[in-house]
Amino acid sequence: MDPATFRAEFPVLDRLAYLNAGTTGPAPQRALDAVRERLELEGREGRSGQAYFSSTIGLANSVRAGYAAVLGCDPEQVAVTGSTTDGVNTVLSGLDLRPGEEILTSDEEHPGLLAPLARARRNRGVHLREVPFAELANEVGSSTRLVACSHVSWVSGQIADVAALTGTGVPLLLDAAQALGAIPVDVGELGCDYYACSGQKWLCGPEGSGCLFVRRDRLEQLEIPWPSFASLADPGRPLDFEPAEGAARLDHGFPAGVRNAWALAALEVLSAAGWEWVHEQAATLAARLAEMLAERGLEVLPRGRSTLVSVLPHHRDPAEEVGRLAERGILVRHIPGRDLIRVSVGAWNSEGELERLVELLTD
Ligand SMILES: Cc1ncc(COP(=O)(O)O)c(C=O)c1O
C-alpha cells in the first residue's frame with residue numbers, strides 16, 4: 001500500500017497531525033460519505049417497512065462480519081456493542097459472580113474497565129485486586145475467578161502476556177480498546193474468553209460503536225444483561241425467552257443505521273489497505289517515534305510493539321504541553337495523574353508529522 005494514497009482517505013490529515021486515535025480515530029472520507037447517503041435514504045424513503053427493517057438488520061450483520069474478520073473469529077461469536085465499556089459491562093453483568101470471589105486486574109487500567117469492576121465489587125461482593133501489569137499471571141491464585149485487564153495498556157503501550165494469562169486456566173476478559181485495529185489480533189490464537197473492543201478508536205468508526213467477542217463455550221454461561229428484541233430466537237414469542245443464536249443475543253439496542261454505515265465503510269477502508277500493512281506501518285512508525293524521542297533525551301515509557309508511545313515532557317506540565325501542541329496542529333493527549341503525554345501512531349501518520357512532534361517536544 002502506498003502510504004500517501006492511504007493518508008488521502010482521511011480529510012483531517014490535510015490540516016492536522018492526528019496522533020490521538022487511542023482516543024478517537026480519524027474519520028475516513030468514505031465513512032462520511034456513507035453516513036450522508038444513509039441519512040439521505042432515511043430522509044427520502046422514511047424509516048419504515050420491511051425493506052427498511054431488513055436493510056437495517058443486514059447492515060448490522062455486515063458490521064458484525066467486519067468485526068469478526070478483524071478479530072479472526074466467526075460472526076456468531078461477536079456482539080455489536082457501543083464501546084469497550086459496554087462489552088466489559090456485558091461480561092461482568094452476565095457472569096454469576098459470587099461474594100468473596102476474586103477478580104484480578106492491573107494498575108494500568110482505564111476507567112472503562114475499572115468502573116464496571118468497581119460496581120461488581122460493591123454490588124456482588126467480589127474482591128478486586130490490582131497488581132502491576134507485568135505481574136498479572138504470577139498473581140493468579142486459587143480464589144481468582146476472573147482476570148480482567150487490557151490487551152494493550154492505555155498508559156504505556158505495553159502488551160499483556162496473554163499466553164501466560166491463559167496458561168493459568170482462569171477465565172480472561174481482555175479490554176481491547178487499544179488493541180483491535182492497532183495490533184494483529186486473532187482471538188482464537190489468543191485463547192481469551194472475552195474480548196471487548198472499541199469501534200471509534202483504531203477502527204476509525206463512529207463514537208458509540210464497538211464489539212464483544214465471546215468464546216463459544218462461554219456464551220451459555222452468560223446471562224443476557226439487557227434483553228431486547230435482538231436477544232430472542234423468536235421475537236414473536238418473547239416470554240419464552242429463548243435466546244437468539246450466537247453472541248448476537250448480547251447486542252446492545254436496536255441497530256443504528258447511521259452508526260453501522262460509518263463503521264462498515266471505515267472497516268472497508270482499512271481492510272482494503274490490508275490489515276497486515278496497516279498494523280506493520282503503524283507499529284514501525286510508533287517504534288521510530290519512540291527511538292527519536294529517546295535519542296533527544298526524553299524519557300519514553302517501556303512499551304511493546306504497539307501503536308502507543310508515552311513520554312514524560314521535559315519540565316513542562318503535560319496538559320499545557322498538549323494544548324501548546326494542539327495550537328501548532330498536532331493532536332495528542334495527556335494521561336491524567338501520570339504526568340505523561342501519549343502519542344497514538346496510526347498507519348495514516350507520516351514520518352514528517354512525527355519529526356515535527358519531536359522538534360516541538362524538545363525545543
Ligand atoms: C484501555 C481502554 N479501555 C477502555 C476505554 C474506553 O473505551 P470506550 O469508550 O470504547 O468504552 C479506553 C478509551 O480510551 C481505553 O483506552
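Here are four short exercises on this predicted model, each with a worked solution.

**Exercise 1. The nonpolar cores**

Task: Find which residues of the largest nonpolar core touch the most other members, and which helix gives this core its largest share.

Solution: Start with the 60 residues of the largest nonpolar core; those that touch the most other members are Phe6, Leu71, Val147, Leu180, Tyr195 and Trp348. Next, sort the core by element: helix H10 (residues 257–273) supplies the largest share, nine residues. Now zoom in on Leu180. Setting aside neighbours within four places in sequence, Leu180 is in contact with Val70, Leu71, Val185, Tyr195, Cys197, Trp202, Leu203 and Cys211. Finally, look for a separate cluster: a second core holds 24 residues, including Leu97, Leu128, Leu219 and Ala247.

**Exercise 2. Helix H2**

Task: Check the length of helix H2 (residues 29–45) against its residue count, then work out why its buried residues lie on the same side.

Solution: Begin with the length. H2 has 17 residues, so at 1.5 Å a residue a span of 24 Å is expected, and the end C-alpha atoms are indeed 24 Å apart. Then list the buried residues of H2: Ala31, Ala34, Val35, Arg38 and Glu42. These cover an arc of only 100 degrees around the axis, and therefore they sit on the same side of H2. Turn to the face directed away from that buried side, and you meet the exposed residues Glu37, Gly43 and Arg44. The buried residues of H2 pack against helix H3 (50–71) and H10. Just past the helix comes Gly46, with a positive phi near 80 degrees.

**Exercise 3. Helix H12**

Task: Repeat the analysis for helix H12 (residues 318–327): which residues are buried, and what covers them?

Solution: The buried set of H12 is Pro318, Glu321, Val322, Arg324 and Leu325. Because their arc around the axis is only 160 degrees, they fall on the same side of H12. On the face turned away from the buried side, Glu320 and Glu327 are exposed. The cover over the buried residues of H12 includes strands E11 (330–331), E12 (333–335) and E13 (340–344), together with helix H13 (351–362). After H12 comes Gly329, whose phi is positive, near 85 degrees.

**Exercise 4. Around the ligand**

Task: Identify which residues come nearest to the ligand, then examine the side chains of Gln178, Gln200 and Lys201.

Solution: There are 13 residues around the ligand, and Thr85, Asp175, Gln178, Ser198 and Lys201 come nearest. For Gln178, a side-chain N or O atom is 2.7 Å from a ligand oxygen. For Lys201, a side-chain N or O atom is likewise 2.7 Å from an oxygen atom of the ligand. For Gln200, a polar side-chain atom lies 3.1 Å from a ligand oxygen.

How values were computed:
Residues are numbered from 1 along each chain as its sequence is written. This is a predicted model: local features need pLDDT of at least 70, side-chain atom pairs count only at pLDDT 80 or more; totals for chains, interfaces and linings use all residues. Side-chain values use heavy atoms; hydrogens and water are left out. A nonpolar core is a set of buried Ala, Val, Leu, Ile, Met, Phe, Trp, Tyr and Cys residues joined through side-chain atoms within 4.5 Å. Buried means under 20% relative accessible area, exposed over 50%, partly exposed in between (1.4 Å probe, protein chains only). Helices (H or I, at least four residues) and strands (E, at least two) are DSSP runs, numbered from the N terminus. Contact means heavy atoms within 4.5 Å. The arc is that of the directions from the helix axis to the C-beta atoms. The expected span of a helix is 1.5 Å times one less than its number of residues. A residue is near a molecule or strand if one of its heavy atoms lies within 4 Å of it. A polar contact is a pair of N or O atoms within 3.5 Å; within protein, one must be able to donate a hydrogen and the other to accept it, and residues adjacent in sequence count only if both atoms are side-chain atoms.
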